[in-house]
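Here is a short tour for anyone who likes to read a fold with the model open beside the text. Take a look at the structure, and then we can walk through it together.

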Amino acid sequence: MKSKYDRYSDEQLLSLLKNSDELAFTVLYHMYWDRIFYHAISKLKDHVMAEGLVQDVFTVIWKRREGLSVKGKLSTDLSVA
């Protein structure tokens with residue numbers, strides 16, 4: 001799925017996400033899902049648990065989107081989450 005959003009920075013996507021933009025959320029999800037999953041599986045050593053954790057992280061991001069604040073790089077904050 002290619003869109004103009006693919007050219008947006010993380011900051012631009014987060015700004016759109018705060019306004020409940022579902023496409024911005026989808027782009028972030030596709031950009032970072034693998035990265036977070038591999039980080040989670042390296043810690044948990046369990047494929048199913050790692051997938052569930054990643055889904056939980058993105059669920060929380062959507063639920064808290066309006067007050068979301070990222071300090072530093074988004075990829076770092078997501079890995080910590």
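Where is the place of Lys 45? Lys 45 sits in the loop between helix 2 and helix 3. Please keep in mind that this is a predicted model.

**Overall layout**

The protein has four helices and zero strands, and its elements run α-α-α-α from the N terminus on. Of its 81 residues, 31% count as buried. Among contacts between residues at least 6 apart in sequence, 45% join residues at least 24 apart.

**Two loop residues with positive phi**

Back to Lys 45, which has a phi near 60°, a positive value in a residue other than glycine. Ser 20, which is not a glycine either, has a positive phi of about 65°. Ser 20 is found just after helix 1, in the loop between helix 1 and helix 2. Here are the accessibilities of these two residues, with that of Ile 61, a residue we will meet again below.

| Residue | Relative accessible area | Class |
|---|---|---|
| Ser 20 | 29% | partly exposed |
| Lys 45 | 67% | exposed |
| Ile 61 | 13% | buried |

Why does Lys 45 count as exposed? Its relative accessible area is 67%, and the class of exposed residues begins over 50%, so Lys 45 belongs there.

**Helix 2 against helix 3**

On either side of the Lys 45 loop are helix 2, residues 22–44, and helix 3, residues 47–63, which pack at an angle of about 145° with their axes 9 Å apart. The crossing of helix 2 past helix 3 is right-handed. On the helix 2 side, the residues that meet helix 3 include Phe 25, Leu 28, Tyr 32, Trp 33, Ile 36 and Phe 37; among their partners in helix 3 are Met 49, Leu 53, Val 54, Phe 58, Ile 61 and Trp 62. By type, the residues of this contact divide into 17 nonpolar, two polar and two charged.

Val 54 gives a good view of this packing. Setting aside neighbours within four places in sequence, Val 54 is in contact with Trp 33, Ile 36, Phe 37 and Ala 40, and these four residues are listed in helix 2.

**The nonpolar core**

In soluble globular proteins, nonpolar side chains tend to be buried together. In this model, the largest nonpolar core has 21 residues, and those with the most contacts inside it are Leu 17, Leu 28, Tyr 32, Val 54, Phe 58, Ile 61 and Leu 78. The elements that give two or more residues to this core are helix 1 (10–18), helix 2, helix 3 and helix 4 (74–80). Helix 2 supplies the largest share, nine residues.

Ile 61 is a handy point from which to explore the core. Ile 61 has its place in helix 3, and it is buried because its relative accessible area of 13% is under the 20% limit. Beyond neighbours within four places in sequence, Ile 61 is in contact with Leu 17, Phe 25, Leu 68 and Leu 78. Ile 61 and Leu 17 are 44 residues apart along the chain, yet their C-alpha atoms are separated by 9.2 Å.

**One face of helix 1**

Leu 17 leads us to helix 1, whose buried residues are Asp 10, Leu 13, Leu 14 and Leu 17. Seen down the axis of helix 1, these buried residues fall within an arc of 100°, so they line one face of the helix.

Technical notes. Residues are numbered from 1 along each chain as its sequence is written. This is a predicted model: local features need pLDDT of at least 70, side-chain atom pairs count only at pLDDT 80 or more; totals for chains, interfaces and linings use all residues. Side-chain values use heavy atoms; hydrogens and water are left out. Axes are lines fitted to C-alpha atoms, for helices over the stretch in contact, and angles run from 0 to 180 degrees between N-to-C directions. A crossing is left-handed if the near helix is turned anticlockwise from the far one by less than a right angle, and right-handed if clockwise. Contact means heavy atoms within 4.5 Å. Ala, Val, Leu, Ile, Met, Phe, Trp, Tyr, Cys and Pro count as nonpolar, Asp, Glu, Lys and Arg as charged, and the others, Gly among them, as polar. A nonpolar core is a set of buried Ala, Val, Leu, Ile, Met, Phe, Trp, Tyr and Cys residues joined through side-chain atoms within 4.5 Å. Buried means under 20% relative accessible area, exposed over 50%, partly exposed in between (1.4 Å probe, protein chains only). The arc is that of the directions from the helix axis to the C-beta atoms.
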